[in-house]
Amino acid sequence: VHKVWCAHDCGRALNPTLVAGQIEGSVYMGLAEALLEDHDVNRFGLHAGPSLLDYRIPTSVDTPEIEALIVESIDPEGPYGAKEAGEGPLHSVLPALSNALFDAVGVRLRHLPFTPGKVLAALAAKREAERTDVSSKSAPAGSRS
Amino acid sequence: MLRLPAFRVARPRTVDEVCALLAEHGARARVVAGGTDLLPNLKHELYDIDVLVALSDVDELRGVRAGESGGLSIGAATTLAEVAASELVRERAPVLAQACGLVAGPQHRTMGTLGGNVMLDTRCQWINQSYFWRQALGFCLKKDGTLCHVVQGGQKCVAAASNDSAPALTSLNATLAFQSSAGRRALPIEELWRADGIWNKVTGPEDLLVSIEVPAQVAGHRGAYGKLRDRGSIDFPLLGVAVRLDCDDREAVVDADVVLVALQARPVRVKHVSDALRGAVLGTDAFAEAVEEAARLAHKQCHPLPNIPGDPDYRRAMIPVYVRRTLRAAAERGGPVHHL
């Protein structure tokens, strides 16, 4: 991931610098969930990544440039017209990455994180499905008689 | 919070004093240089020791020196950061500078040493965990237990050599100088390894790695290192690829070597690589084909196990990719090969 743009409707931005910081932090968390952090439990019922070495959080070199775009819409029900800028921007990252993956290689992953190994396995499964589909279509007519 | 067990720290000033302490305490002592791997392992209760022998005051173990006739002599307690930044190493053994520059993260390389990385213990997802965690599964073959969780029913520990410097030094045909109270001996690095994850070296607890001797390489030497890992920093390798290409003055390959790590208990030298590449002139179609053949050989010969974290099928699929890219990088005097 080279760059992430995230636009968030926060109502009135009471402190725009803090709102941008909230968006950046949320994007970082969302990216971590989407690409690296794995809550896998092994066959003994133990967490497979119980330490900060095995539970991979992104380091500064793994975090791309983030462009935080504040969309202000004054909410008459909110305090001074504000909504929120906490968790909202996080959620957009996961579908955005899922769509980017689908756009790039044509596979849809259903389980986080979207690791290179899972993408590779999904591509192999897709190729296999296409192969069996083609071979069943190209079977000679009347061969089932 | 994980606590260190109780131990005494000895601070000798000479190699002879270190060896006397190791002879006295045997397996109940460990040497500590950077401690970047030893201390987490002690917190995980992987070693039962009484004494830590600190090497920080032993000046004769540090420094990179130009060896006779173009080689290198590197003190075992020289930090990885120093080796990676050394102009001498970058010029004479680029594969080693690149490998040391990709070990863990910057803070680890500032503390951690080349000798520590060479002598790194093997790693496995079932062993590098807290005592509590390991106890919950009944321990394993490597420490405190009788079962292997990687190869069910397995009688031999398959924890993986995970040191980036090992394949680099193996590709350079380095020699290691060990000292013990019985004297000094030189061991070709190829002869250091055993295929046993419990302790993958032929040396014992009384042996101290003193220096790493890299022989002079041919004039047309090229080398590069490739490292696969989940993140751009910190992580141990999911795969490490060290490459040596020795060329003549027409840039035709005379000899070649590809050594991989993070597969099994010892670094793996891919067989017949030199035969595949010999005679190919860099930059030609023949070289491109030879690189493909080397990648095929590596893929055929190497079978990652579920010993370290990471999908073994993915790690295997990446073997030809990294062998190909690292050979190309070496040919162009480039590298390292890394995703960031």
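Colleague: Let's start with B:Cys19: is this residue buried or exposed?

Modeller: Buried means under 20% relative accessible area, exposed over 50%, and partly exposed in between, with a 1.4 Å probe and protein chains only. B:Cys19 has a relative accessible area of 2%, so this residue is buried. Keep in mind that this is a predicted model, where local features need pLDDT of at least 70 and side-chain atom pairs count only at pLDDT 80 or more, while totals for chains, interfaces and linings use all residues. Residues are numbered from 1 along each chain as its sequence is written, chains are lettered from A and ligands numbered from 1 in the order in which they are written, and side-chain values use heavy atoms, with hydrogens and water left out.

Colleague: Thanks! How many disulfides are there over all chains?

Modeller: A disulfide is a pair of cysteine sulfur atoms within 2.5 Å. Over all chains, the count is zero.

Colleague: Why does A:Cys10 have no bond to the closest cysteine sulfur?

Modeller: That sulfur belongs to A:Cys6, and the gap is 11 Å, so the two are too far apart for a bond. A:Cys10 itself is buried, at 3% relative accessibility.

Colleague: Where is B:Asp196 found, and what is this residue in contact with?

Modeller: Helices (H or I, at least four residues) and strands (E, at least two) are DSSP runs, numbered from the N terminus. B:Asp196 is in the loop of chain B between strand E7 (183-188) and strand E8 (208-214). Contact means heavy atoms within 4.5 Å. Leaving aside neighbours within four places in sequence, B:Asp196 is in contact with B:Lys156, B:Cys157 and B:Ala265. Its relative accessible area is 17%, so B:Asp196 counts as buried.

Colleague: And what does B:Asn117 touch?

Modeller: B:Asn117 lies in helix H7 (residues 114-118) of chain B and is buried, with a relative accessible area of 6%. Not counting residues up to four places away in sequence, B:Asn117 touches B:Leu80, B:Val103, B:Asn163, B:Asp164 and B:Ser165.

Colleague: Now for a whole chain: how do I read the radius of gyration of chain A?

Modeller: The radius is taken over C-alpha atoms, and the globule rule is 2.2 Å times the number of residues to the power 0.38. For 145 residues a compact globule would come near 15 Å, but chain A has 21 Å. Along the principal axes, the C-alpha atoms of chain A fill a box of roughly 75 × 40 × 30 Å.

Colleague: Which elements does chain A have?

Modeller: Chain A has four helices and two strands, running β-α-β-α-α-α from the N terminus on. Of its 145 residues, 32% count as buried.
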